[in-house]
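Here are some exercises to work through with the model open beside you. Try each task before reading its solution.

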Amino acid sequence: MAKKRFGVSVSRSLAESLDMVAGMLGLDRSSVVELALRGLLEDYTHHVIPHDCIALIAHICDRDLVEVATVIGGYGELRITQLHSHTGEKCIQILLVAGSSSVIADFYSKLAKLKGCRVKYMPLHEISEVARRS
Ligand SMILES: [Zn+2]
Ligand SMILES: [Zn+2]
C-alpha cells in the first residue's frame, strides 16, 4: 500500500511512550502510529455515522458512585447488560450496550464526565459493515 509522509508534533512523554511500545512490539514508530490511528478512526466513526451499534463500555471509578446508576437508569432506550464488581475501593462495571449510536455516544460522554472514573468504549462490530448495508 502506498504511504503518505507527514510531520506530527507530540509531547516528549508521548513520544517516549511511543518508542517504548514500538520497542516492546518489535515495530517501527510509523507502524505503531498507523495501528493506533486506524483504531481511533474506526472508533470515532461509530460516533459520526448514525447506525444501530453494539459496544462494550468498561467503567472504573475510585469508589462506588450513585451517579453511575443514575446515568444508566436514564437510558431506558438502550439495551444494557451489566456486570458490576468491586476490587478494594474501586467500582468496576462492564456494560454491553446496544441501540442507536447517537444515544450510545451521549451515554458514553455522560459516564466519561463523572469525576474519579475512567471509561473505555469498544465497538463490537466494524463500521464498514454498517456502511455497506445502508
Ligand atoms: Zn457501532
Ligand atoms: Zn460499584
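Two residues count as in contact if their C-beta atoms, placed from the backbone, lie within 7 Å. Helices (H or I, at least four residues) and strands (E, at least two) are DSSP runs, numbered from the N terminus. This is a predicted model, in which local features need pLDDT of at least 70 and side-chain atom pairs count only at pLDDT 80 or more, while totals for chains, interfaces and linings use all residues. Residues are numbered from 1 along each chain as its sequence is written, and chains are lettered from A and ligands numbered from 1 in the order in which they are written.

**Exercise 1.** Find which residues of α4 are buried, and what covers them.

*Solution.*
- Start with the cut-offs: a residue is buried if 20 or more other C-beta atoms lie within 10 Å of its own, exposed if 12 or fewer, and partly exposed in between.
- By that count, the buried residues in α4 are Ser101, Ile104, Phe107, Tyr108 and Leu111.
- Look down the axis of α4: the buried residues fall within an arc of 120 degrees (taken from the directions from the helix axis to the C-beta atoms), so they line one face of the helix.
- A reminder helps here: an α-helix has 3.6 residues a turn, so residues three or four places apart point the same way.
- Finally, the cover over these buried residues includes α2 (29-48), β1, α3 (66-73), β3 and β4 (117-123).

**Exercise 2.** List the residues of the largest nonpolar core, and say which element gives the most to this core.

*Solution.*
- A nonpolar core is a set of buried Ala, Val, Leu, Ile, Met, Phe, Trp, Tyr and Cys residues joined through C-beta atoms within 7 Å.
- The largest one has ten residues: Cys53, Ala55, Ile57, Leu95, Val97, Ile104, Phe107, Tyr108, Leu111 and Tyr121.
- Two or more residues come from each of β1 (52-61), β3 and α4 (101-112).
- The most come from α4, with four residues.
- Now take Val97: leaving aside neighbours within four places in sequence, Val97 is in contact with Ala55, Ile57, Leu78, Ile80, Ile104 and Phe107.

**Exercise 3.** Does helix α1 lie largely in the open or buried?

*Solution.*
- Helix α1 covers residues 12-25.
- Of its 14 residues, the number buried is zero, so α1 lies largely in the open.
- Take Ala15, which lies in this helix: with 13 other C-beta atoms within 10 Å, Ala15 is partly exposed.
- Just after α1, Gly26 takes a positive phi of about 70 degrees.

Definitions and conventions: Expected span 1.5 Å × (residues − 1).
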